[in-house]
Amino acid sequence: MALHLSSAAPAWLAVANRGRRNRKVKAVASEGFATLKAEEEEEEKVKLGGSDLKVTKLGIGAWSWGDTSYWNNFQWDDRKMKAAKGAFDSSIDSGITLFDTAEVYGSRMSFGAINSETLLGRFIKERKEKDPETEVAVATKFAALPWRLGRQSVITALKDSLCRLGLDSVDLYQLHWPGVWGNEGYIDGLGDAVEQGLVKAVGVSNYSERRLRDAYQKLKQRGIPLASNQVNYSLIYRFPEENGVKATCDELGVTLIAYSPMAQGALTGKYTPENPPSGPRGQIYTPDFLTRLQPLLNRINEIGDSYKKTPTQVVLNWLIAQGNVVPIPGAKNAEQASEFGGALGWRLTGEEVDELRSLASDIRPVVGFPVENL
Ligand SMILES: NC(=O)c1ccc[n+]([C@@H]2O[C@H](COP(=O)([O-])OP(=O)(O)OC[C@H]3O[C@@H](n4cnc5c(N)ncnc54)[C@H](OP(=O)(O)O)[C@@H]3O)[C@@H](O)[C@H]2O)c1
């Protein structure tokens, strides 16, 4: 059974809760039913690692926005842009306000692309014109390209990102992948960004356990917490559980931000051996792979039915159930984005979490981003 808050708590608590999306409901232990756990579950936001930044328990990934190198059948047009804007607005409407982008998403190296930061900045501006109180947390990333050396390269790239976003600062600035020549200068650059007030919190991405520990220590010496490590993590890509990254994030109090949490759409259940994804994803999620995925997808479906939840909501809930994980599913349109909120406010049981992991372990994982092993 689900630990569903509205059914576990008395009616008045549910009523009290209505319309207070951002307010913590204080519950007193002496009232018998109300536990700290309930209070914790009610909290709409989580702190990112040891930083002061609080973000929604789920974010939205903006990689596909404006991209013509991997997504969108290599084409971008006005219709896709309106759909992406719909995804942005729908997220905000459903209370999900963390957006993850990167300077390389929608890179101009790719024909017809529009930079994802530029689009996100435009969407934020348009929304704020209508509602100045709109709350948005922006996470973006520094590309550790081999010719970028030293701490100043981080500040220069960050200022360019801020310019595209039309913002004075971002909430989270991450090193997108480890540098081939080393990371000391980049980590110093992250610290400088905090001290110059250009970012609220800093993180890394695709960092191994060793690199994570080094980055954490180096920032700690300056009194700056490493907020997050963004890595590929989903039911069918559990490398962070095997390579020590998840355990180390938990030990150090660094939030694990899970990218590709729906295995790029494969775990939503909409792709089948007869209907595989097109484009580069078709090379990964082949009919053969999708055939092997079916038993897991069937069980995800059954469990979802028992909670009146979609497979997408089940797989995102599975990640949140691991603790210390903020998934950032990508959405191309309003319909996709509006589904994500349903992953929150309930919880798979421990048995279901274990059963899904066990079923998933029968499937050979797809190959990840090689930079994870740098
Ligand atoms: N740090 C890194 O190196 C790194 C790497 C990868 C991603 N990321 C970040 O993580 C974010 C998410 O990862 P991702 O985009 O790779 O994978 P994902 O979130 O697992 O999958 C996103 C795709 O699934 C499909 N989808 C989304 N919602 C759906 C729904 N409700 N129902 C059915 N299909 C749905 C959409 O594609 P279709 O409609 O075309 O199927 C969408 O583009 C990215 O946007 C990016 O911000 C970071």
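Trainee: Which residues are closest to the ligand, of those that surround it?

Mentor: This is a predicted model, so every value here is computed from it. In it, 28 residues surround the ligand. The closest are Gly61, Trp63, Tyr259, Gly265 and Gly330.

Trainee: How many residues of the shell around the ligand are charged?

Mentor: Sort the shell by class. Nonpolar residues number 11 and polar residues 13. The charged residues number 4.

Trainee: Where is Ser260 found, and what is its phi?

Mentor: Ser260 is found in the loop between β9 (255-259) and α11 (281-284). It is buried, because 24 other C-beta atoms lie within 10 Å and 20 are enough. Most residues other than glycine have a negative phi. Ser260 has a positive one, near 45 degrees.

Trainee: Is Gln264 buried or exposed?

Mentor: Gln264 is found in the loop between β9 and α11. It is not a glycine, yet its phi is positive, about 55 degrees. It has 25 C-beta neighbours inside 10 Å, so Gln264 counts as buried.

Trainee: Which residues of helix α15 are buried, and within what arc do they fall?

Mentor: Helix α15 covers residues 350-360. Its buried residues are Glu352, Leu356 and Ala360. They line one face of the helix, because seen down the axis of α15 they fall within an arc of 70 degrees.

Trainee: Which residues are exposed on the other side of α15, and what covers the buried ones?

Mentor: The other side of α15 has Gly350, Glu351, Asp354 and Ser358 exposed. Now turn to the buried residues of α15. What covers them includes α12 (287-307) and α13 (311-321).

Trainee: Which residues does Val353 contact, leaving aside its neighbours within four places in sequence?

Mentor: Val353 is found in helix α15. It is partly exposed, with 17 other C-beta atoms within 10 Å. Val353 and Trp318 are 35 residues apart in sequence, but their C-alpha atoms are 6.2 Å apart. Beyond those sequence neighbours, the contacts of Val353 are Trp318, Ala321 and Leu348.

Trainee: Why is Thr97 buried, and how far is it from Gly59?

Mentor: Thr97 is found in the loop between α4 (78-93) and β4 (98-100). It has 21 other C-beta atoms within 10 Å, so it is buried. Thr97 and Gly59 are 38 residues apart along the chain. Their C-alpha atoms are separated by 6.6 Å.

Trainee: Which residues are in contact with Thr97, leaving aside its neighbours within four places in sequence?

Mentor: Set those sequence neighbours aside. Thr97 is then in contact with Thr56, Ile92, Glu135, Val136 and Ala137.

Trainee: At what angle do helices α5 and α6 pack?

Mentor: Helix α5 covers residues 116-130, and helix α6 covers residues 151-165. Their axes are 7 Å apart, at an angle of about 45 degrees. That angle makes α5 oblique to α6.

Trainee: Which residues make that contact, and how many are charged?

Mentor: From α5 come Glu117, Thr118, Leu120 and Gly121. From α6 come Ser161, Arg164 and Leu165. By class, the contact has 2 nonpolar and 3 polar residues. Its charged residues number 2.

Trainee: What percentage of the protein chain is buried?

Mentor: The protein chain has 15 helices and 10 strands. Of its contacts with a separation of 6 or more, 75% are between residues 24 or more positions apart. The chain has 374 residues, and the buried ones make up 43%.

Terms used
Residues are numbered from 1 along each chain as its sequence is written. This is a predicted model: local features need pLDDT of at least 70, side-chain atom pairs count only at pLDDT 80 or more; totals for chains, interfaces and linings use all residues. A residue is near a molecule or strand if its C-beta atom, placed from the backbone, lies within 6 Å of it. Ala, Val, Leu, Ile, Met, Phe, Trp, Tyr, Cys and Pro count as nonpolar, Asp, Glu, Lys and Arg as charged, and the others, Gly among them, as polar. A residue is buried if 20 or more other C-beta atoms lie within 10 Å of its own, exposed if 12 or fewer, and partly exposed in between; C-beta atoms are placed from the backbone. Helices (H or I, at least four residues) and strands (E, at least two) are DSSP runs, numbered from the N terminus. The arc is that of the directions from the helix axis to the C-beta atoms. Two residues are in contact if their C-beta atoms, placed from the backbone, lie within 7 Å. Axes are lines fitted to C-alpha atoms, for helices over the stretch in contact, and angles run from 0 to 180 degrees between N-to-C directions. Angles under 35 degrees count as roughly parallel, over 145 as roughly antiparallel, 65 to 115 as roughly perpendicular and the rest as oblique.
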